[in-house]
Amino acid sequence: MNLIILLLPIIAIVLMFRSQKKRQQQQQSMQTSLEPGAGVRTIGGLYAQVKAVNDETVELEIAPGVVTHFTKSAIAAVLDPQEYDAIINGRPADDELSEPEAEDADAAPVEDKPLTLTKDSAEKGDVKGDVEGGAPASK
């Protein structure tokens, strides 16, 4: 019983270090796979396109003609070209496309009456007073 109490914390610590090492390896492989033309997201949430990759830094174009320098560790994710295009240009991703909802055939057409906020419209009978469940008309 005492052996189990001693082994559980040790196993938990080993698993935490293992998962942290795995995340670091994924981050390292992502940073080495950076290439010009790829769309990326920084840790600050900035979307940009890679223009050049140096030893420790990356040149990112955040707007046409505006190039900034970031460290490689500031890159949070490399995006697929379709995903980057959808985010930057506001186009829906392929899996988000849906058919427009059909309008109900039973729905009555809505008349386009201009909205007036004058008391004259209330006197003409547009506002019904003392209707069951409604408020009385103002005078």
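## A walk around Glu 59

Start by selecting Ala 52 and Glu 59: Ala 52 stands opposite Glu 59 in β3. Keep in mind as you look around that this is a predicted model.

Next, colour the strand that holds Glu 59. This is β3, which covers residues 57–63. Now add β2, residues 47–53. The strands β2 and β3 run antiparallel, and 4 bridges join them. Follow the backbone from β2 into β3 and you will pass through a hairpin connection of 3 residues.

Go back to Glu 59 and switch on a surface. Is this residue buried or exposed? Glu 59 falls in between: it counts as partly exposed because its relative accessible area is 22%, while buried would mean under 20%.

Now show the neighbours of Glu 59. Leaving aside residues up to four places away in sequence, Glu 59 touches Gln 49, Val 50, Lys 51, Ala 52 and Asn 54, along with Val 67, Thr 68 and His 69. Pick Gln 49 from that group and draw a distance between C-alpha atoms: Gln 49 and Glu 59 are 10 residues apart along the chain, and their C-alpha atoms are separated by 8.5 Å.

Gln 49 also leads you to the next stop. Which residue stands opposite Gln 49 in β2? Select Gly 39, and you have the partner. Then colour β1, residues 39–42, which pairs with β2 in the antiparallel sense over 3 bridges.

For the last stop, trace the hairpin formed by β1 and β2, with 4 residues between the strands. Click on Gly 45 in that turn: its phi is positive, at about 90°.

Technical notes. Residues numbered from 1 in each chain as written. Predicted model: local features only at pLDDT ≥ 70, side-chain atom pairs only at ≥ 80, totals over all residues. Heavy atoms only, no water. Helix = DSSP H or I, 4+ residues; strand = E, 2+ residues; numbered from the N terminus. Buried < 20%, exposed > 50% of the residue type's maximum accessible area, 1.4 Å probe, protein only. Contact = heavy atoms within 4.5 Å. Pairing = 2+ DSSP bridges.
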